[in-house]
Amino acid sequence: MKKLIAFTTLLISTFSWSQQEISIDIGDALVMKSLDISYEYYISDQSSVGVSALFNFEGKTSDFRYNEESMFTPFFRHYFTKNRTWNYFGEVFFGINNGENTIEVSGVQQIENYTDGALGISIGSKYVSNGGFTVSVLAGIGRNMFTDTAPVVVPRVGLNIGYNF
């Protein structure tokens, strides 16, 4: 029982001192009818890990949409300065994505479902207000690595608003 109490106290104190952030990509929501939600956990003043989940609600016949129907993206970010208000970062990500792609087989166009993993990099900037409100912008590119049916390039772009707690 004492070990359980000690472990619980340690866990609660770790999360109470740590910084975490939840954000939503407002650009994707307004422009392309997709939902991209992110969670970020700060390891130190200059490093964080996180995960992003993208769900595409845009119709398949739309001229401007992501190829991916959904994408689950774990990432690691390194912030280049210790300035808490304005900061620039570099990011390495691995996007697990799925969707449909049109491929040519023996001269015939076919629609194939795919699931693939894309390794990529991004750069961005983030503003954090004193109250915890955040605005960030990022752009990056990844490459699908495991199947021939998936599109080669996977974009990672965003205009995120969130809350840092």
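Which strand does Ile-161 lie in? Ile-161 lies in strand S8, and we'll come back to it in the last view. This is a predicted model, where local features need pLDDT of at least 70, side-chain atom pairs count only at pLDDT 80 or more, and totals for chains, interfaces and linings use all residues. Residues are numbered from 1 along each chain as its sequence is written, and side-chain values use heavy atoms, with hydrogens and water left out.

**View A. The largest nonpolar core.** Six residues make it up: Met-32, Leu-54, Tyr-66, Met-71, Ala-118 and Val-154. A core here is a set of buried Ala, Val, Leu, Ile, Met, Phe, Trp, Tyr and Cys residues joined through side-chain atoms within 4.5 Å; buried is under 20% relative accessible area, exposed over 50%, partly exposed in between (1.4 Å probe, protein chains only).

**View B. The S5 and S6 hairpin.** Strands S5 (residues 86–105) and S6 (residues 108–128) pair in the antiparallel sense over 20 bridges. Strands are DSSP runs of E, at least two residues, numbered from the N terminus, and two of them pair if DSSP finds at least two bridges between them. Gly-95 sits opposite Ala-118 in S6, and Ala-118 is one of the core residues from View A. Two residues separate the strands, and Ser-106 has a positive phi near 55°.

**View C. The S6 and S7 hairpin.** S6 also pairs with S7 (residues 133–144), antiparallel over eleven bridges. Lys-126 faces Ser-136 in S7. This hairpin has four residues between its strands, with Gly-132 at a positive phi near 100°.

**View D. Ile-161 in strand S8.** Ile-161 counts as partly exposed because its relative accessibility is 31%.
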